Amino acid sequence: MRRTEIKILLQRTDFGQLINVKGWVRTKRASKNVAFIALNDGSTLKNVQVVVEINDQNKDILERIHSGASLSVDGILTESLGKGQKVEINAKNIEILGEANPEEYPLQPKKHSLEFLREKAHLRFRTNTFSAIARVRHAMIFAIHQFFNERNFYNIHTPIITGSDAEGAGEMFQVTTLNLENIPKNDEGKVDYKKDFFGKPANLTVSGQLEGELAALALSKIYTFGPTFRAENSNTTRHLAEFWMIEPEMAFYDLDDNADLAEEMLKYVIKYALDNCMDDLEFLSKRQQEEEKNKKADERSMELIEKLNFILAEPFIRITYTEAIKILKNSKPNKKKRFQYIIEEWGADLQSEHERYLVEKHFKRPVILTDYPSSIKAFYMKQNEDGKTVRAMDVLFPQIGEIIGGSQREENFEKLQAKIKALNIPESSMWWYLETRKFGTVPHSGFGLGFERLILFLTGMTNIRDVIPFPRTPQNLEF
Ligand code: 4AD
Ligand code: MG
């Protein structure tokens, strides 16, 4: 008999049909004559209840069924009289596909801590929380591609192994086939990269932007959606060493166009989640409220679904870095020295505490900050007339801080070349990027959305390690 997925089965009303369902046991309760098995196959948050009348034939099988076991059940689709479900299955035949020894299976039908589940990442998909996150993640991948496809953007695959450092941050993972126990040296006593796989140093990419720009300067509107790697040693709840980034790049867009697109995209995908993931969002909302029930009322988060609707309702605030610094300098936490990093003067880099103050306390709305000091931003950003600032933009979100970073790009060959020189970036590794400014250069802009930060926001989870299936962080490479 063909298997029916639980998501489909729960919508059926043709009671009396014989069907087959397969899945993993969440819980089993048994009285003398009847057993109830909650079965889940991941197609939906919801379980289906399998009702088994205990008899001599199935008694032994039932004894071997515990949480975590996988089953194939043939049974009659039946209208349920129980609360919270419309459909159940009256089992006729149960086959155990794989047992799970209750002495060893780590996921018991009780609440486990997120820390514990991180150590069991190979099994945590089987919990409500992590299956809900996985489904929301999928829906967001789909919505992002749909958003760009509807607007005539082309998806470009940019390289994962690269010879350049896009962000100039220098926090890269080196890729090599050299024998680290016996590194070949040249006449000067330095590493002889001629003997390495590519004949020169190579790294994992920190961003697909530079290659994305090359494509945009021919195809007009492109986007990338790929893995990026950063070897920064930051053990925060918002940083991963391997994360996914969406990077659109558009010819003929200035910074305002860029900000419009970023706002439109964020609202589009949030609306998509509200329209398509309500079961999972409702569950995640309850989970968050449960998690925060011991907090004081004013420290609790806004209810998840209310929060998502709230983002859709109002335009984002747009202000310059210079205006933001004024607000922050005069803010209570700055004056009372409650910020960890006190804002003393113009030029200071903003920390997430400052970003969150602007969004959560001052404006109570997402904020797009523009025109940052050039000294704290990447070399490729368009220089403003004032000689001090660049056409950068960061989109700041409640709870997250920076969710998007982007800019208008410097399209002037001489200015870009001078900047590259000033920052001691080897021009020999950037010749191809510079050539696009020599041949048919145009104003263009783009940004990068950190995918996991978006998922953090959408799910109300608080640690980025819980919104990617297998997180990579310093000293952590299991699975
Ligand atoms: O601000 P970033 O570094 O910008 C770029 O990489 C540009 N090349 C993007 C562009 O203009 N095309 O990173 C973009 C976003 C951040 O706003 C943040 O959401 C996310 O990527 N991000 C991280 N997410 C998780 N872990 C990390 N270590 C991250 N670093 C950045
Ligand atoms: Mg940034």
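**Salt bridges, ligand shell and surface features of the predicted model**

Asp260 counts as partly exposed, its relative accessibility being 40%. The structure described here is a predicted model. The side chain of Asp260 meets that of Arg318 in a salt bridge, with an N to O distance of 2.8 Å. Because Asp260 belongs to helix α6 and Arg318 to strand β12 (residues 317–320), this pair ties together parts of the chain that are 58 residues apart in sequence. Arg318 has a relative accessible area of 36% and is therefore also partly exposed, a class that lies between the limits of 20% and 50%. Helix α6, which spans residues 255–276, also holds Asp257. With a relative accessibility of 29%, Asp257 counts as partly exposed. Between the C-alpha atoms of Asp257 and Gly42, which are 215 residues apart along the chain, the separation is 40 Å.

The count of salt bridges in the model comes to 27. One of them joins the side chains of Arg118 and Asp466, with 2.8 Å from N to O. Arg118 is placed in helix α3 (residues 114–119), whereas Asp466 is in the segment after α14 (451–459), so the contact ties together parts that are 348 residues apart in sequence. Asp466 is buried, since its relative accessible area is 2% and the limit for this class is under 20%. A further salt bridge is formed by Arg437 and Glu213, whose closest N and O atoms are 2.7 Å apart. Here the pair ties together parts that are 224 residues apart in sequence, because Arg437 lies in helix α13 (residues 431–438) and Glu213 in helix α5 (residues 209–219). Arg437 and Glu213 are both buried. These two residues also belong to a network of salt bridges that links Glu213, Glu249, Arg409 and Arg437.

Arg409 of this network also approaches the ligand: an N or O atom of the Arg409 side chain is 3.0 Å from an oxygen atom of ligand 1. Two other polar approaches involve nitrogen atoms of the ligand. A polar atom in the side chain of Tyr380 lies 3.5 Å from a nitrogen atom of ligand 1, and a polar backbone atom of Phe447 is 3.4 Å from a nitrogen atom of ligand 1. Ligand 1 exposes 630 Å² when taken alone, and 93% of that area is buried by the protein. Two or more residues of the shell around ligand 1 come from each of the elements β11 (242–251), β15 (401–408) and β16 (444–450). The most is given by β15, which supplies five residues. In total, 24 residues surround ligand 1, the closest being Glu167, Gln209, Arg230, Glu247 and Glu402. By class, this shell is divided into eight nonpolar, eight polar and eight charged residues.

Asn40 occupies a place in strand β2 (residues 34–40). This residue is buried, because its relative accessible area is 4%, which is under the limit of 20%. The Asn40 side chain reaches the backbone nitrogen of Gly42 at a distance of 2.7 Å. A polar contact of 2.9 Å also joins the side chain of Asn40 to that of Asn47.

On the surface, a nonpolar patch is formed by Ile160, Ile161, Phe197 and Phe198, which together have about 410 Å² of accessible area. Within this patch, Phe197 belongs to the loop between β8 (174–175) and β9 (202–204). Phe197 counts as exposed because its relative accessibility is 61%, over the limit of 50%.

Two lysine residues have positive phi values. Lys337, which is not a glycine, has a phi of about 55°. The loop between α10 (332–335) and α11 (352–363) contains Lys337, and with a relative accessibility of 62% this residue counts as exposed. For Lys364, likewise a residue other than glycine, the positive phi is near 55°. Lys364 is placed in the loop between α11 and β13 (367–373), and is exposed, with 53% relative accessible area.

Glu282 is part of helix α7 (residues 278–291). Its relative accessibility of 41% means that Glu282 counts as partly exposed. The C-alpha atoms of Glu282 and Arg238 are separated by 23 Å, the two residues being 44 residues apart along the chain.

Key:
Residues are numbered from 1 along each chain as its sequence is written. Chains are lettered from A and ligands numbered from 1 in the order in which they are written. This is a predicted model: local features need pLDDT of at least 70, side-chain atom pairs count only at pLDDT 80 or more; totals for chains, interfaces and linings use all residues. Side-chain values use heavy atoms; hydrogens and water are left out. Patches are made of residues with over 30% relative accessible area and no salt bridge: like charges are joined within 9 Å, nonpolar side chains (Val, Leu, Ile, Met, Phe, Trp, Tyr) within 5 Å. Accessible areas come from the Shrake-Rupley method with a 1.4 Å probe; for residues, only the protein chains shown count as cover. A salt bridge is a side-chain nitrogen of Lys or Arg within 4 Å of a carboxyl oxygen of Asp or Glu. Helices (H or I, at least four residues) and strands (E, at least two) are DSSP runs, numbered from the N terminus. Buried means under 20% relative accessible area, exposed over 50%, partly exposed in between (1.4 Å probe, protein chains only). A residue is near a molecule or strand if one of its heavy atoms lies within 4 Å of it. A polar contact is a pair of N or O atoms within 3.5 Å; within protein, one must be able to donate a hydrogen and the other to accept it, and residues adjacent in sequence count only if both atoms are side-chain atoms. Ala, Val, Leu, Ile, Met, Phe, Trp, Tyr, Cys and Pro count as nonpolar, Asp, Glu, Lys and Arg as charged, and the others, Gly among them, as polar.
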